[in-house]
Structure formats: C-alpha cells, structure tokens
Amino acid sequence: MKLHNISIIGSGYVGLSTALGFTSKGYAVIVSDPDKEKTKKIQEGSLPFHEPNLEELLKNAVKTGKLRCVPKCKEAILKTDISFVAVGTPNLPDGLIDLQYIEEASCEIGRALKKKTTYHLIVIKSTVAPTTTENIIKPLIEAHSSKNCGVDFGLCMSPEFLREGSALQDMLHPDRIIIGEYDKKSGDTLEALLRDFYSENTPPIIRTNLSTAELIKYASNSFLATKISFINTIANICEKIPGADVLIVAEGMGLDKRIGSLFLNAGLGYGGSCFPKDLKALITYSKKIGYQPTLLDSVEVVNKTQPYKAVELCKSFLTDLKEKNIAILGLAFKPDTDDMREAVAVPIIHQLLKECANITAYDPVAVPNAKSIFQDKIKYASSAIQCLKNADCCILVTEWPEFKKLAPEDFTKNMKQPILIDGRRIYDSSEFGRIMKFAAIGLGEIT
Ligand code: UDX
C-alpha cells in the first residue's frame with residue numbers, strides 16, 4: 001500500500017473530519033490553518049466543535065504524531081504529496097459565494113509550490129460555484145508558483161458530502177466519490193490514493209471535468225433541500241384535511257423506489273451551514289448566467305416560511321402570546337451538533353419575542369452558541385424537565401434522542417398548561433393527543 005503524505009488546508013468540520021478519517025487508517029496528515037489559536041488547540045487534542053467520535057480520534061492522532069496541526073500552509077505543502085483544500089466558502093450578501101478564503105489559500109499554496117521540485121496534487125473539497133476551480137483557483141496557483149498545472153502540479157475538484165453529526169461515518173463510508181480533474185494524471189493520482197484508502201470498500205467513482213464536479217455538489221444539496229420543502233408542502237396540505245397524516249403519506253411515497261424514504265421527514269424546515277447557503281449560491285449563480293431557477297426559488301420560499309408554522313400552531317391554542325411562557329426544546333439545526341447556523345429555532349424565537357412571549361429554551365449542547373445569538377433575551381434551562389416548568393406551551397424544535405424519551409406525564413406534570421407542538425413528529429399523536437392539547441406538523445385534525 002503506497003502511502004501518500006497528505007495535507008489538509010483548513011481545519012473546519014470538513015477539514016478535520018477528512019484529516020481524522022485518513023489518520024484513522026494510518027495515514028500521516030498535516031492540517032494547516034492560519035488561525036494560530038485554533039491550530040494550537042487542535043495540536044493539544046481539543047476539537048473546536050461538537051462532532052461525535054472525533055474528539056477521541058483527534059487525541060490519539062496527535063499523541064501518535066499521525067496528525068500535526070500547523071499555522072503555515074508552506075510546511076504542509078512542502079512536506080506532503082497531496083493537499084485537500086477545505087476552507088470555508090460563505091455567502092456574500094448577494095448570495096454568491098465569498099471566495100476570499102479560497103483565493104488566499106490558492107495564493108499561499110502557489111507560493112509554497114514555488115519552492116517545491118516534485119509533483120504535487122491539489123484537491124479542492126470546498127463547495128465552489130461551477131468554473132471556480134478552472135477560472136479562479138488554477139490561475140492563482142500558477143501565478144504565485146510560476147508553475148504549470150498539468151505539468152508541475154495537478155488539480156482536482158472532489159466535493160465532500162459529509163453531514164454534521166455523522167461526518168466521520170460519511171467520510172469512511174461515502175455513497176460515491178466524484179473526481180473532477182484538470183487532466184488524466186491528476187485524476188489518476190487522486191483515484192489511486194482513494195482506492196488505497198477505501199481498498200475493497202471503494203464506492204462508485206465518477207471521473208469528470210472540474211465544473212461538472214462542482215455542480216454535482218450543488219445539485220445534490222439542492223435536490224435534498226427540494227425533497228424537504230416538498231414534504232413540508234404536503235405536510236401543510238395535510239394539516240387542512242381532518243385525519244390526514246404526513247407521516248403516513250411519506251411512508252406511502254417512500255416505498256416507491258423512484259422516490260425513496262430518506263429526507264422525507266416533514267418538520268420546521270432545513271437549516272445548517274450547507275443547504276441554505278448552497279441553494280442560495282446556486283440560485284444566484286444560475287440567474288447570473290441567465291437561467292431563472294423557478295423551482296429552486298420556491299424551495300427557498302417554502303423553507304423560509306416553514307419555521308413560523310410552530311408559532312401559528314402555538315397561537316391556535318393560546319391566541320395571544322403576550323406574557324405567555326413558551327418552552328423551546330432543541331436549538332441546534334439538527335441533533336448531534338451544537339451548530340446554530342441557519343437553525344430554525346432562531347426565526348421561531350425571534351417571532352415569539354416579537355409577540356412578547358417569555359422564552360425558556362433547552363438544548364443538550366447548543367446553549368453556548370444560542371447565548372451568543374440571544375444573550376439574556378431568553379432563559380436557558382439545564383434540562384428538558386426544567387425547561388417545561390410553568391410553561392403555557394412547548395414547541396419541540398430539534399429531535400434530540402433525549403426528547404423522544406419524554407412521556408406525556410412529563411409535560412402534564414411540569415407545565416402550567418400542557419400544550420405541545422411537535423415540530424419534528426417524534427411523539428405519538430394519539431397517545432399525546434389523548435391527555436393534552438397537541439398539534440404537530442403535517443397532522444390534520446385528529447378525528
Ligand atoms: C448536508 C448534506 O446532507 C451533506 O451531504 C452535505 O455535505 C452538507 O449538508 P448537514 O447540513 O450536516 O448535511 O445536515 P443534514 O443531515 O443533511 O440536514 C440538513 C437539514 O435538513 C437539517 O436542518 C435537518 O433537520 C433537515 N432535514 C433533514 C429535514 O427537515 N428533513 C429530513 O428528512 C432530513
């Protein structure tokens with residue numbers, strides 16, 4: 001097994017999850033990030049975000065020297081053969097992606113390559129709009145290295161499909177690998193590494209050109225977002241039909257192999273650092289190149305309004321929310337992460353505050369991030385039960401496993417008024433509906 005020395009440029013959850021996936025199979029990895037504070041913390045074995053199974057791996061990789069985290073990109077390039085670029089590509093106010101970090105990294109990589117005499121492969125993992133790798137990254141690396149792509153160095157775009165909360169699992173067991181290549185040698189070099197890494201578990205590999213690989217990432221995330229907005233649309237229709245239940249509708253749809261059951265969980269909308277950003281970027285990019293993506297616009301509109309369903313259902317019981325105590329169970333954009341980026345809890349809480357309600361919220365890990373958003377405008381409970389105390393209504397926003405264990409009595413015993421809005425369909429509507437006022441996304445009047 002020919003081991004490649006690997007470097008990762010950028011220590012966010014994609015960069016670190018990818019790095020620790022490689023070290024978990026014995027590869028030596030150098031991670032570089034200009035944030036000295038962060039690299040020092042990582043080098044001390046402390047993960048800068050909440051992600052299951054990674055903290056232990058990091059401590060072990062640092063102890064064995066398999067992983068080194070350095071502030072200088074130059075060292076990472078000079079001491080390795082292949083570099084994965086996983087820097088952030090946030091959105092600009094107009095929706096297009098902000099290229100500053102990818103441009104900075106490309107210039108630094110170029111400057112380092114200038115001092116290198118052997119072939120080096122650059123693999124873009126950051127989500128970038130189509131043509132970015134060919135038209136922006138390649139010229140910058142060439143300009144700062146005075147070297148030629150395809151000759152002195154190789155270039156690929158290989159998007160990641162990691163989900164927060166299961167990043168390591170997704171890195172070690174991907175459904176497919178996409179290799180967008182500048183030239184055959186670049187593609188062959190990356191394929192050789194990944195076939196070494198996955199060996200007999202190598203998933204299907206698609207070899208294509210750079211811009212198609214870039215678009216596969218956007219299309220995949222936008223399709224998953226479309227599936228969610230679709231089932232939320234059906235859920236909103238179900239609520240108007242006595243006895244209808246989106247859970248059963250989704251089950252009936254999902255058994256059709258052409259549809260599939262995954263990502264048909266109706267709820268309060270999608271959030272996170274990817275779907276909203278990638279959809280916005282694809283819509284804006286598409287309009288810029290002259291195509292009006294009407295379908296994608298609608299996906300975004302449905303998702304923007306979906307969180308307010310929770311407030312609407314709350315008001316269907318309480319009418320006026322002024323001075324009412326509302327308990328919020330779940331703040332993170334989904335379970336198993338502390339990430340509040342584009343979390344639906346944010347617009348829900350903002351709307352409830354606008355209606356002068358008193359908010360008490362609880363989340364197993366995301367409260368520190370929530371405090372940086374809401375400061376002392378809301379109260380933070382230290383447990384689900386404490387959060388329910390003296391509440392007039394409870395909204396279940398994030399489907400953490402511990403909330404699924406709550407029984408109807410936990411609500412009736414602790415709340416002032418046992419009213420429950422199930423925003424993620426984790427509670428049995430007949431069981432809960434029997435002993436308290438209960439409403440749920442996608443559930444028509446219980447007949
Ligand atoms: C997503 C993609 O899944 C991943 O492939 C890509 O690399 C990054 O973006 P992530 O954002 O971590 O991953 O979360 P994901 O598990 O996809 O959930 C995204 C959002 O959709 C969450 O807010 C989740 O609550 C919501 N969701 C998901 C639904 O509302 N219904 C579903 O059926 C599935």
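Helices (H or I, at least four residues) and strands (E, at least two) are DSSP runs here, numbered from the N terminus. G65 sits in the loop between helix 3 (54-63) and strand 3 (67-70).

This is a predicted model: local features need pLDDT of at least 70, side-chain atom pairs count only at pLDDT 80 or more, and totals for chains, interfaces and linings use all residues. Residues are numbered from 1 along each chain as its sequence is written, and side-chain values use heavy atoms, with hydrogens and water left out.

**Accessibility and two glycines**

Buried means under 20% relative accessible area, exposed means over 50%, and partly exposed lies in between (1.4 Å probe, protein chains only). Accessible areas come from the Shrake-Rupley method with a 1.4 Å probe; for residues, only the protein chains shown count as cover.

G65 has a relative accessible area of 43%, so this loop glycine is partly exposed. G65 and D410 are 345 residues apart in sequence; C-alpha to C-alpha, they are 48 Å apart in space.

G180 belongs to strand 7 (residues 177-181). G180 is buried, at 0% relative accessibility. Contact means heavy atoms within 4.5 Å. Neighbours within four places in sequence aside, G180 is in contact with L155, C156, M157, T208, N209, L210 and A213. From G180 to T117 the separation is 63 residues in sequence and 25 Å in space, C-alpha to C-alpha.

**Salt bridges**

A salt bridge is a side-chain nitrogen of Lys or Arg within 4 Å of a carboxyl oxygen of Asp or Glu. The whole structure holds 25 of them. Three are listed here.

| Acidic residue | Basic residue | Closest N to O distance |
|---|---|---|
| D188 | R207 | 2.8 Å |
| E239 | K309 | 2.9 Å |
| D245 | R425 | 2.8 Å |

Take the salt bridge of D188 with R207. D188 lies in helix 8 (residues 184-198) and R207 in strand 8 (residues 205-209), so the pair ties together parts that are 19 residues apart in sequence. D188 is partly exposed at 31% relative accessibility. R207 is partly exposed too, at 30%.

The second pair is E239 and K309, in a salt bridge at 2.9 Å. E239 is in the loop between helix 9 and helix 10 (246-254), while K309 is in helix 13, so this pair ties together parts 70 residues apart in sequence. E239 is buried at 17% relative accessibility. K309 is buried as well, at 10%.

The third salt bridge joins D245 and R425. D245 lies in the loop between helix 9 and helix 10, and R425 in the loop between strand 13 (419-422) and helix 19 (429-435), so parts 180 residues apart in sequence are tied together. D245 has 13% relative accessibility and counts as buried. R425 is buried, with a relative accessible area of 9%.

There is also a network: salt bridges that share partners join E181, K184, D188, E191, R195 and R207.

**Helix 9 and helix 13**

S229 is part of helix 9 (residues 210-238). Its relative accessible area is 3%, so S229 is buried. Beyond neighbours within four places in sequence, S229 is in contact with Y270, V299, V302 and N303.

Helix 13 (residues 308-318) has these buried residues: K309, A310, V311, L313, C314 and L318. An α-helix has 3.6 residues a turn, so residues three or four places apart point the same way.

T319 comes just after helix 13 and takes a positive phi of about 55°. T319 falls in the loop between helix 13 and strand 9 (325-329). T319 is exposed, with a relative accessible area of 60%.

**Another positive phi**

N53 is not a glycine, yet its phi is positive, about 70°. N53 is placed in the loop between helix 2 (36-43) and helix 3. At 60% relative accessibility, N53 is exposed.

**A charged patch**

Where does positive charge gather on the surface? The patch consists of K36, K72, K74, R111, K114 and K115. Patches are made of residues with over 30% relative accessible area and no salt bridge; like charges are joined within 9 Å, and nonpolar side chains (Val, Leu, Ile, Met, Phe, Trp, Tyr) within 5 Å. Lys and Arg count as positive and Asp and Glu as negative, with His and the chain ends not counted. The place of a charge is NZ of Lys, CZ of Arg, CG of Asp or CD of Glu.

K74 of this patch is found in helix 4 (residues 73-78). K74 is partly exposed, with a relative accessible area of 40%.
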